[in-house]
Amino acid sequence: MQLADLPSRRTETWKWSDLRAAMAGQEAVLIGTGAMLAEGPIAAFAEMLGDGYGPSELVIAGQDETFETRMSEGDAGQFGSVTLKAGASATLLERIAVTGSRLRPFLPAHARITLEPGATLKRIVVQTNAADAVDAALVLNEAVVTLGAGATFRQFVLGQGARLARIETSVTAAEGATIEMNAVYLAASRRHVDLTSRVTHAAPGVNTRQLVRGVARKGGRGVFQGKFLVERAGQKADAAMQHNALLLGEGAEVFAKPELEIYADDVACAHGNTAGQIDEDAVFYLRQRGLPDDEARAMITRAFLFEALPSWLDEPLRGEIEGCIDAWLRASS
Amino acid sequence: MLDLKNLHARVVPEDGPSREILKGLSLHVPAGEVHAVMGPNGSGKSTLSYVLTGKHGYEVTAGSATFEGEDLLVLEPEVRAAKGLFLSFQYPLEIAGVPVMTFVRAAMNAQRKARGEAEVSAPDFLKLSKAAAARLRIDPEMLKRPLNVGFSGGEKKRLEIYQMLMLEPRFMILDETDSGLDIDALKVVADGVNALRGPGRGMLVITHYQRLLDHIRPDRVHVLSAGRIAKSGGPELALELEKSGYDQFLKAG
């Protein structure tokens, strides 16, 4: 693999997350490793930095089991597959923790996830960033999900970004599948967080709900790219995508590209997209009641973000994610 | 208690030129009194309430406003609130995702903290909330919902008075509190407001119509026209205005 193989801002789906530029000067990592894979750059990175462990394979046939992975700087890339047998149910929890350590700053993971008919999966990705100010981390996470008939896929992603972080999900759904993919992103100064998703409604009666809420501070960049594709066979698709961002200060950046591409004629698809500043009249209302300016802003922002936390998110994980958001809001930059 | 002298203020929109709205307003509300400010649309009633509470986008160009001898105009809005200034908004804001009780408790504790007092305990807070809700005939379930989101105009106004009862302010500004209320709701709201009348408290009731003043009896009535007080008098002035209208003052102003 060479630098020139990596997607850059000239590549439509990577135009706001220039991987080639992020890897410039670090070509040594690429030398002597495998070729670019057909699955794309994230898979290639995950395999390349897998340190020879080879792909992992997980097959789940039981009910309500939880599987957890962790990754931080210095860890090997994760590359593998997860299969839920028909009717099985499970929770996948992926923790990606940027610490700001001086270990190898590449955190790539790629998973092929297959849900057989009637299976249910909850997938939660918690990407935190505890580095003080600047970090060198490159977080690349991709899940390619195939849903069988009547399967249910619920996903929640918390992204705090890194020098460059991209968390990507592609779902292809068979008849009667249910999809819920919510996310919250927090782009602090000098952090880049990219949430990209694509849902292909390949058969009739697929129900999809997506709510993504994000905030960016001065010098932070948030990216949301969401695509719903309804193929000719995807009649009666019921799909709603919503992305809302708050820009917390001058010089905060949010780039959003919501897309609907529909080839079936009997569908109910909607999308909404907003990016704006906090309502100053609302801030004044709270201050008139006695809340200091920073607390008023935090209360409004917190409530805005918490609306994207799904109801199926159980304690103690819910409390942990709320804690991450609160800690982020308390931090000054 | 509240002293306004020769107050000049202008509204400074983000886009467009600023406009002078208050043009030499003087007003004195002693402790224990309720004063009504009446006036036609555009006379500066809402500007007065925003200037006193410190909203962004309003600039005082001359004159003074003191509360218990202290210069109000240099204080942040939350500091004014902690000193006991409360505005019942003409158009209460919707705050998505923040339940009423969560918000009011946070506000109450923020004010107490600013005054160096201890936080309210959960049982005490619930007791206060229950009493305030009962007085205003508010369904307790409503207090668990996000503040004002999906509430009717009347419900929002009732919620304003609920917050007022909870926060027990020392000076209240009621900006067009009667708008959006039917006659029954008006009585309930007035009863809540009257419960806070007392020797240590003052009140400014800003209204376009006389009907609210049937239920909240003012000690003094002032007519605001073109940014200054055009006439002051006793409660009978409100009745007179109801008959003869504001035209006489518009011409004079």
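Helices (H or I, at least four residues) and strands (E, at least two) are DSSP runs, numbered from the N terminus. The loop between β10 and β11 (192-201) of chain A holds Arg190(A).

This is a predicted model, in which local features need pLDDT of at least 70, side-chain atom pairs count only at pLDDT 80 or more, and totals for chains, interfaces and linings use all residues. Residues are numbered from 1 along each chain as its sequence is written, while chains are lettered from A and ligands numbered from 1 in the order in which they are written.

## Confidence

The model scores ipTM 0.95 and pTM 0.91. The term pLDDT stands for the predictor's confidence in each residue, from 0 to 100. Chain B has a mean pLDDT of 92. In that chain, 98% of the residues reach 70 or more. Within chain B, α2(B) has the highest confidence, at 98. Helix α8 (residues 247-252) of chain B has the lowest, at a mean of 67. Where pLDDT is low, the predicted coordinates should not be read in detail.

## Where the chains meet

Two residues are in contact if their C-beta atoms, placed from the backbone, lie within 7 Å. The contact takes in 18 residues of chain A and 21 residues of chain B. On the chain B side, α2 (77-82), α3 (100-114) and α5 (153-167) each give at least two residues. Which helix gives the largest share of that side? It is α3(B), with five residues. Sorted by class, the side of chain B that touches chain A has 14 nonpolar, five polar and two charged residues. Here Ala, Val, Leu, Ile, Met, Phe, Trp, Tyr, Cys and Pro count as nonpolar, Asp, Glu, Lys and Arg as charged, and the others, Gly among them, as polar.

## Helix α4 of chain A

Helix α4 of chain A covers residues 293-306, which is 14 residues. From its first C-alpha to its last, α4(A) reaches 20 Å, close to the 20 Å expected at 1.5 Å a residue. The expected span is 1.5 Å times one less than the number of residues.

A residue is buried if 20 or more other C-beta atoms lie within 10 Å of its own, exposed if 12 or fewer, and partly exposed in between; C-beta atoms are placed from the backbone. The buried residues of α4(A) include Ala296(A), Met299(A), Ile300(A) and Phe304(A). Arg297(A) and Thr301(A) are buried too. What do the buried residues of α4(A) pack against? Their partners in chain A include β10 (178-187), β12 (207-217) and α5 (317-330). They also pack against α3 of chain B.

After α4(A) comes a loop that leads to α5 of chain A, and Pro316(A) lies in it. A cis peptide bond joins Glu315(A) and Pro316(A), with omega about 5°.

## Strands and core

Two strands pair if DSSP finds at least two bridges between them. The table lists four pairings.

| Strands | Bridges | Direction | A bridge pair |
|---|---|---|---|
| β8 (152-159) and β10 of chain A | Eight | Parallel | Val157(A) and Ala183(A) |
| β10 and β12 of chain A | Eight | Parallel | Ile179(A) and Thr208(A) |
| β1 (2-11) and β2 (19-29) of chain B | Eight | Antiparallel | Leu2(B) and Val29(B) |
| β1 and β4 (58-67) of chain B | Eight | Antiparallel | Leu4(B) and Ala65(B) |

Strand β10(A) has eight of its 10 residues buried, so it is largely enclosed by the rest of the structure.

A nonpolar core is a set of buried Ala, Val, Leu, Ile, Met, Phe, Trp, Tyr and Cys residues joined through C-beta atoms within 7 Å. The largest one has 163 residues. Ala183(A) and Val205(B) are among those with the most contacts inside it. Not counting residues up to four places away in sequence, Val205(B) touches residues including Val34(B), Leu174(B) and Ile216(B).

## Three residues to look up

Arg190(A) has phi near 65°, a positive value in a residue other than glycine. This residue is partly exposed, because 18 other C-beta atoms lie within 10 Å.

Asn6(B) sits in strand β1 of chain B. Its phi is near 45°, again positive in a residue other than glycine. Asn6(B) is partly exposed, because it has 13 C-beta neighbours inside 10 Å.

Glu20(B) belongs to strand β2 of chain B. Is Glu20(B) buried or partly exposed? With 15 C-beta neighbours inside 10 Å, Glu20(B) counts as partly exposed. Leaving aside neighbours within four places in sequence, Glu20(B) is in contact with His8(B) and Arg10(B). Glu20(B) and Ala31(B) are 11 residues apart along the chain, and their C-alpha atoms are separated by 30 Å.
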